[in-house]
Amino acid sequence: GRELVSLPLIAMVLHLSIGDAWNHCNNVEGNLGMAVPGVILGCLGSAIGVTAAYYSTEPTAGLMLCPMVLWLTIASALVTSIWQINPDEKTGELVPLVPVKEA
């Protein structure tokens, strides 16, 4: 039978939510430091989880999601490079990977 709520669908909704949160962090707030672990751990990690969930249900569906994982791997390298070549304007140092409260 068909189920409205299943692991692949929940995983996809979670992945899309993580991607939206990362997009806000990177593009709206401009927090390049936080964008690096966000894209690697959040977006890429959830994409791998989604692909595995779909593959375990229907292998063809999982294989169709593999380009998304490939793209997010490339995007992770790009975001990391952007972070490395754009230091903080005030200090000249790399922006921290985690938010830091200034004293």
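The bend at a residue is the angle between axes fitted to the seven residues ending there and the seven starting there. The close-up views below are taken from a predicted model.

**View 1. Helix α2 and its kink at Gly38.** Helix α2 covers residues 32-57. A kink of about 40° interrupts α2, with Gly38 at its centre. The 26 residues of α2 extend 36 Å from the first C-alpha to the last, which is close to the 38 Å expected at 1.5 Å a residue.

**View 2. Surroundings of Thr51 in α2.** Thr51 belongs to helix α2. With a relative accessibility of 9%, Thr51 is classed as buried, because buried means under 20%. Its side chain approaches the backbone oxygen of Ala47 to 2.8 Å. When residues up to four places away in sequence are set aside, Thr51 is in contact with Gly62, Leu65, Cys66, Met68 and Val69.

**View 3. The largest nonpolar core.** This core comprises 18 residues, and those with the most contacts inside it are Trp22, Val50, Leu65, Met68, Leu72 and Val79. At least two core residues are supplied by each of α1 (7-28), α2 and α4 (66-85). Helix α2 provides the largest share, nine residues. Met68, one of the residues with the most contacts inside the core, touches His15, Ala47, Val50 and Thr51, again leaving out residues up to four places away in sequence. The contact between Met68 and Thr51 links this view to the preceding one.

**View 4. Cysteines Cys43 and Cys66, neither in a disulfide.** A disulfide is a covalent bond between the sulfur atoms of two cysteines. With a cut-off of 2.5 Å between cysteine sulfur atoms, the model contains zero disulfides. For Cys43, which is in no disulfide, the nearest cysteine sulfur is that of Cys25, at 9.7 Å. Cys43 is buried, with a relative accessibility of 4%. Cys66 is likewise in no disulfide, and the nearest cysteine sulfur to it, that of Cys43, lies 17 Å away. Cys66 has a relative accessible area of 34% and is therefore partly exposed. Cys66 is also among the residues touched by Thr51.

**View 5. Glu29 in the loop between α1 and α2.** The loop joining α1 and α2 includes Glu29. At 52% relative accessibility, this residue is exposed, because the class begins over 50%. Glu29 and Pro99 are separated by 70 residues in sequence, while the distance between their C-alpha atoms is 12 Å.

Technical notes
Residues numbered from 1 in each chain as written. Predicted model: local features only at pLDDT ≥ 70, side-chain atom pairs only at ≥ 80, totals over all residues. Heavy atoms only, no water. Helix = DSSP H or I, 4+ residues; strand = E, 2+ residues; numbered from the N terminus. Buried < 20%, exposed > 50% of the residue type's maximum accessible area, 1.4 Å probe, protein only. Polar contact = N/O pair within 3.5 Å; in protein donor to acceptor, adjacent residues only side chain to side chain. Contact = heavy atoms within 4.5 Å. Expected span 1.5 Å × (residues − 1). Core = buried A, V, L, I, M, F, W, Y, C linked by side-chain atoms within 4.5 Å.
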